[in-house]
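Colleague: Please show me the model, and then we can go through its helices.

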Amino acid sequence: MRKRRARFELGPAPYTAPGPHEIVVRTRAVAVNPVDAIAGPAYRVVVPWLRYPAIIGSDVAGEVVEAGAAVTRFAPGDRVLGHAMALEKSQNRAAEGAYQHYVVVMEHMASAIPESLSFEQAAVLPLTLSTAATGMFQRDHLGLEFPTAAPARQNAVVLVWGAATGVGMNATQLAKNAGYDVVATASPRTAEKVRALGADAVVDRTVPDVVEQLVRHIGDRALAGTMAIGRGSLAPCIDVAARTTGSRRVASSQPDPASRLRGRLAARRAIDVSFIWGGTLKDNEVGPAVYRDFLPGALASGAFRAEPRARVVGEGLAALPDALARVRAGGISAEKIVVTV
Ligand SMILES: NC(=O)c1ccc[n+]([C@@H]2O[C@H](COP(=O)([O-])OP(=O)(O)OC[C@H]3O[C@@H](n4cnc5c(N)ncnc54)[C@H](OP(=O)(O)O)[C@@H]3O)[C@@H](O)[C@H]2O)c1
C-alpha cells in the first residue's frame with residue numbers, strides 16, 4: 001500500500017469480486033517497473049490523479065479464482081498473466097493494483113500461460129509488453145500490422161532503439177511476429193541477447209556514429225516506424241527517420257517535458273513524434289489483439305518469449321519495499337526484479 005507522504009506499508013486489503021468483464025487473480029508473482037519505484041513528489045507528477053492509500057503494481061501472474069459473468073475465456077484454476085490497471089486515470093482503483101493477494105484484472109488484458117512458463121517469468125511481461133504494443137500498433141502511434149502466428153512478410157524495417165530494455169525486447173519480438181525486419185540498438189553486453197530475440201541487425205547505442213550505422217543497416221528498405229526507448233533515444237531516432245525512406249513516425253516511451261519539446265521541434269523536419277502511455281491499449285483494439293488473440297498461442301508455441309530474465313529478490317509482499325529500492329538504485333541489466341507471493 002502506498003500512502004501520499006509515507007513509505008510503503010503492508011496492510012489488509014478487501015477481496016473485490018470481479019465485474020462482468022473482469023477476473024480475480026490469486027497472485028503468485030509480481031514484477032517491479034521503474035514507474036513503481038519513483039519516490040516522493042516525482043511520483044505525484046507522473047500519476048497526479050492517484051487516490052491514496054493506493055495499491056500499485058502493474059505486473060501480475062497467478063491463478064484465476066473467479067471470473068465475471070461475461071467472461072468465457074477463463075475459469076478458476078487457469079494460470080494467467082495480466083496487466084493490472086490500478087494506476088490508470090480511468091480506473092484509479094486499489095482493487096486493480098498488482099501488489100496484493102487477490103487482484104482484479106480486465107479480461108482482455110490477461111493471457112493464459114503455458115505450464116512450461118513459471119509465474120515469476122510470466123510476471124516480467126505485462127507493462128513492458130503493453131508499452132511496446134501501444135507504441136507499435138495503436139493508430140495514433142506507429143499503426144503497424146498486428147502480430148499473428150503466420151505473419152505476412154512486410155518488406156519494411158522497424159527501428160527499435162533501446163532493444164535491451166524490457167519494452168525493447170517486447171517490441172523486437174512483436175515486430176518479428178508481425179512480419180517486419182528489425183534494426184535495433186543495445187550495448188555490446190546485451191547485443192547477443194537482442195539478436196537471439198530476432199533483431200536482424202544490432203548497433204551499439206553508445207558509439208558516436210550510431211546514426212550513420214543505423215542508416216546504413218536500414219539501407220534502401222522503407223522504415224515502417226521507429227520505437228525510441230530509453231533516456232536520450234529520441235534525438236538520434238529523429239535523425240535516422242529523417243535520413244531514411246518510409247514512415248516518419250517515431251513513438252517515444254519517454255514523455256518528459258524535454259522530449260516533448262524535442263518532439264514538437266521535429267515537426268519542422270516532417271517527423272511525427274508521439275508519446276506512449278502504456279495503458280491506453282486497454283481502451284482500443286490493441287489490448288485484445290495482443291493479450292487475447294496473439295500472446296497465449298505465441299507463448300505456448302515458443303514464437304514469443306517472456307523476457308528479460310526474472311531475478312527473484314524475495315518471497316511475500318513484505319519483500320516489495322526492498323525490491324522497489326533495488327530498482328530505484330538502478331544498474332539492472334537485461335533482468336527484471338520479481339517477488340514471488
Ligand atoms: N511511457 C510508458 O508508458 C512507459 C512504460 C514502461 C516503461 N517506460 C520507459 O521505458 C524505458 C524502458 O523501461 P524498461 O522497464 O523496459 O527498462 P529496463 O528493462 O529496466 O531497461 C534496462 C536496460 O536498458 C538498457 N539501457 C540503459 N540505459 C539506456 C538508455 N539510455 N537508452 C536505451 N537503453 C538503455 C540497458 O541495456 P543496454 O545498456 O545493454 O542497452 C538495460 O539492460 C524506461 O525509460 C521507462 O521509464 C515507459
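**Helix burial and packing**

Modeller: In helix α5, the buried residues (under 20% relative accessible area, 1.4 Å probe, protein chains only) are G166, V167, G168, M169, N170, A171, T172, Q173, L174, A175 and N177. This is a predicted model, in which local features need pLDDT of at least 70, side-chain atom pairs count only at pLDDT 80 or more, and totals for chains, interfaces and linings use all residues. Residues are numbered from 1 along each chain as its sequence is written, and side-chain values use heavy atoms, with hydrogens and water left out.

Colleague: How many residues of α5 are buried?

Modeller: Helices are DSSP runs of H or I with at least four residues, numbered from the N terminus. What covers the buried residues of α5 includes α4, β6 and α10. The helix is mostly covered, and the buried count is 11 of 12.

Colleague: What span is expected for α5?

Modeller: The expected span is 1.5 Å times one less than the number of residues. Helix α5 covers residues 166-177, 12 residues in total. From first C-alpha to last it reaches 17 Å, close to the expected 16 Å.

Colleague: Is α7 roughly parallel or oblique to α8?

Modeller: The axes, lines fitted to C-alpha atoms over the stretch in contact, come within 10 Å and cross at roughly 40°. Angles under 35 degrees count as roughly parallel, over 145 as roughly antiparallel, 65 to 115 as roughly perpendicular and the rest as oblique. That makes α7 oblique to α8.

Colleague: Which residues of α8 make the contact with α7?

Modeller: Contact means heavy atoms within 4.5 Å. From α7 come V211, L214, V215 and I218. On the α8 side they are P236, D239 and V240.

Key. Axes are lines fitted to C-alpha atoms, for helices over the stretch in contact, and angles run from 0 to 180 degrees between N-to-C directions. Helices (H or I, at least four residues) and strands (E, at least two) are DSSP runs, numbered from the N terminus. Buried means under 20% relative accessible area, exposed over 50%, partly exposed in between (1.4 Å probe, protein chains only).
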